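Reader: Please take a close look at one part of this model, the place where two helices from the two chains pack against each other. I would like one connected account, with the surroundings brought in where they bear on it.

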Number of protein chains: 2
Amino acid sequence: MRIVVDVMGGDHGCGVVIEGVKRALEADAKITELYLVGNQEAIQAALSACQLQDARVRTVHATEVMNMEDKPTDAVRKKKDCSMARAMDLVAEGRADAVISLGNTGGMLAAATFKLRRLPGVERAGIATVIPAPDNEFVLIDAGANTECKPIHLVQYAVMGSVYSREILGYKTPRVGILSNGTEEGKGTDLTRETYKLCKQLDLNFIGYAEGHDLFANKVDVVVCDGFVGNIVLKTCESLAFGIVSMLKRELSRNLKNKLGAFLAQDALRALKRRMDPEGSGGAPLLGLNGIVVKAHGSARERAIMKAILTTTEAVQHQISQVIAQEIANATLRLAAVPTQLPTPIPA
Amino acid sequence: MRIVVDVMGGDHGCGVVIEGVKRALEADAKITELYLVGNQEAIQAALSACQLQDARVRTVHATEVMNMEDKPTDAVRKKKDCSMARAMDLVAEGRADAVISLGNTGGMLAAATFKLRRLPGVERAGIATVIPAPDNEFVLIDAGANTECKPIHLVQYAVMGSVYSREILGYKTPRVGILSNGTEEGKGTDLTRETYKLCKQLDLNFIGYAEGHDLFANKVDVVVCDGFVGNIVLKTCESLAFGIVSMLKRELSRNLKNKLGAFLAQDALRALKRRMDPEGSGGAPLLGLNGIVVKAHGSARERAIMKAILTTTEAVQHQISQVIAQEIANATLRLAAVPTQLPTPIPA
């Protein structure tokens with residue numbers, strides 16, 4: 001399979017990205033071509049520095065970079081030769097199967113939607129993030145692509161998240177829940193209540209509402225929400241996990257006895273840290289597009305880049321886009337049979 | 001001061017609540033009268049069991065209990081003699097200054113709004129929860145009272161949360177932020193953008209948007225959001241903290257070396273657990289009401305009950321309701337000077 005990596009736009013420069021590419025090429029023989037898109041000079045320097053010589057590597061020069069400060073839709077129009085757009089072009093032209101980028105999420109979404117288009121029937125692309133919990137891993141969708149959602153968007157996120165959990169994470173019948181402020185059917189907002197009604201009609205393992213308490217308690221495998229809530233939940237979890245680790249470090253270095261304890265238990269502490277590492281999951285796919293697009297964390301380092309590439313090859317192998325297109329078509333058929341009903345207004 | 005405790009409705013029965021009351025009475029001489037409201041027989045049994053004999057204790061019999069299953073507004077109408085309603089009556093009649101309950105949050109809000117009424121100018125009461133972070137404690141408001149908010153509700157939450165942070169937590173000029181999916185002014189939803197504009201007009205230390213990453217990074221002291229998002233954030237944090245502790249426990253018991261390390265570092269681990277304990281903060285006040293009302297966790301045990309009572313006496317001493325009424329009046333005046341502007345619709 002043919003993978004494109006946009007090497008620009010990461011926090012640590014393109015050398016780190018290319019080192020990650022090197023590891024992925026060593027680990028995954030299924031990769032037949034790997035395109036590095038970005039500043040040619042920087043790429044060549046990084047290739048020499050990490051001594052990457054692999055016949056599968058191709059380079060594509062791009063004169064511009066989409067920055068974190070760029071307004072997504074403007075940048076897509078104005079920075080026509082940015083690495084992210086050039087990377088998408090390779091998939092759009094059928095020369096590659098999938099793109100990985102560390103850049104601006106909004107820009108990536110705009111470029112992907114513009115260049116690749118959405119899958120037939122899909123109304124909005126969504127970002128799926130895999131979050132590790134003690135006894136399972138759950139998919140949070142949408143983690144920030146689509147701030148103001150309609151019920152049909154959430155319904156399609158439920159379908160796409162379920163496909164991803166099943167095909168990539170290996171949950172046979174993933175438990176799909178709508179994130180809400182309680183588990184009773186009457187809870188939530190107009191948006192969640194309408195989504196709830198629609199999801200009941202689908203061929204999903206739909207468990208109804210999931211509340212915050214359910215997330216890390218092995219009760220739900222796909223957590224469906226709008227991109228506003230999803231972005232807040234994702235970043236709050238990252239912030240709290242980081243906060244707990246710093247509190248723990250501080251407590252463990254308070255005196256000699258604690259320090260000795262920490263030294264003896266260092267394997268356990270490292271295992272915990274590794275498990276909670278937001279980079280461990282290897283990138284968040286943008287689902288619903290005509291092609292596979294994976295967003296790696298801007299701060300991703302070698303290992304995270306490698307994992308993002310391996311996640312991407314998995315997605316290609318499982319033909320995620322085709323499966324999503326099929327299941328979205330099925331869902332659309334099922335919903336067409338349901339009489340449309342406007343949500344009941346809630347008295348103020 | 002005169003405090004009312006609704007002893008029914010907690011997960012562990014009224015004995016645990018009354019044990020917590022005993023500790024609070026021992027710790028706080030400012031309490032002059034303490035009303036226990038609930039089933040008289042159960043109260044007497046618990047008083048004997050924990051040998052609480054204190055001249056400040058009064059008991060008030062109530063024949064009913066509001067359950068977790070009760071629909072709040074129905075229960076307020078139908079269960080006229082439930083302990084929660086009777087407890088509110090004591091404040092409404094001027095016989096007491098504040099109420100603490102462990103029961104159904106929605107029911108508590110309904111009973112308090114019905115019996116005590118909102119403070120003049122306050123449009124919706126909000127639940128303020130204090131969340132511990134490594135280097136500060138922040139107030140999350142609204143944590144679940146008001147699911148569908150208008151901008152003026154969030155603006156008033158900003159004012160009330162700021163008062164609470166200043167008067168009770170001791171932050172001189174609390175940093176107030178609106179929870180959003182990014183810190184740039186253009187982010188968020190119609191609701192948050194309109195709230196942003198209004199908050200800029202007020203006499204607050206308003207820092208604009210706070211995103212999830214800011215919450216545990218000592219960047220914000222008052223996090224303002226609607227009750228839907230707030231409830232999800234609060235419960236997600238509780239769930240993740242609990243999940244991390246269980247992962248840590250599991251790792252630490254994996255082999256003898258880790259176990260020994262954990263034994264040596266037990267002070268540090270306990271300190272971490274104590275710091276993250278959702279009960280440690282001692283109850284969440286319902287702000288904006290004509291009287292002080294504090295919600296303790298349904299699962300609260302003795303120590304948490306005691307802390308909730310001490311938080312309540314602090315709130316009474318600082319005349320929180322009067323300060324809020326004053327600052328809401330000031331905010332209303334300032335906003336009246338601002339030309340009304342409808343939020344710009346966002347193209348789909």
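Author: A crossing of two helices is called right-handed if the near helix is turned clockwise from the far one by less than a right angle, and left-handed if the turn is anticlockwise. In this predicted model, α8(A) passes α8(B) in a right-handed crossing. The contact is made on one side by A:V229, A:I232, A:V233, A:T236, A:C237, A:L240, A:A241 and A:I244 of α8(A), and on the other by B:V229, B:I232, B:V233, B:T236, B:C237, B:L240, B:A241 and B:I244 of α8(B). Sorted by class, the residues of this contact are 14 nonpolar and 2 polar, with no charged ones.

Two packed helices are described by the angle between their axes and the distance between the axes. Here helix α8 of chain A and helix α8 of chain B, residues 227-252 in each, have axes that come within 10 Å and cross at roughly 35°.

The relation between the chains comes next. A turn of 180° with a shift of 0.0 Å along the axis lays chain A on chain B with an RMSD of 0.0 Å. That is the relation of a two-fold axis. In chain A, the C-alpha nearest the axis belongs to A:G261, at 1.9 Å. Of the interface residues of chain A, 100% are also interface residues in chain B, so the copies meet through the same surface.

One residue of α8 in chain B deserves its own description. B:G227 lies in that helix. B:G227 has 24 other C-beta atoms within 10 Å, and 20 or more are needed for a residue to count as buried, so B:G227 is buried. Leaving aside residues up to four places away in sequence, B:G227 touches B:D142, B:A143, B:G144, B:A145, B:N146, B:T147 and B:C149, and also A:N181 of chain A. With B:T147, the separation is 80 residues in sequence but 4.5 Å in space, C-alpha to C-alpha.

Elsewhere in chain B, helix α4 (residues 83-92) is mostly covered, with 9 of its 10 residues buried. These are B:S83, B:M84, B:A85, B:R86, B:A87, B:M88, B:D89, B:L90 and B:V91. The cover over the buried residues of α4(B) includes strands β1 (2-6), β2 (33-38), β3 (57-61) and β4 (98-101), together with helices α3 (72-78) and α5 (105-116), of chain B. After α4(B) comes B:G94, with a positive phi near 80°.

Notes:
Residues numbered from 1 in each chain as written. Chains lettered and ligands numbered in written order. Predicted model: local features only at pLDDT ≥ 70, side-chain atom pairs only at ≥ 80, totals over all residues. Axes fitted to C-alpha atoms, helices over the stretch in contact; angles between N-to-C directions. Helix = DSSP H or I, 4+ residues; strand = E, 2+ residues; numbered from the N terminus. Contact = placed C-beta atoms within 7 Å. Nonpolar A, V, L, I, M, F, W, Y, C, P; charged D, E, K, R; others polar. Least-squares fit on C-alpha atoms with pLDDT ≥ 70 in both. Buried ≥ 20, exposed ≤ 12 C-beta atoms within 10 Å, placed from the backbone.
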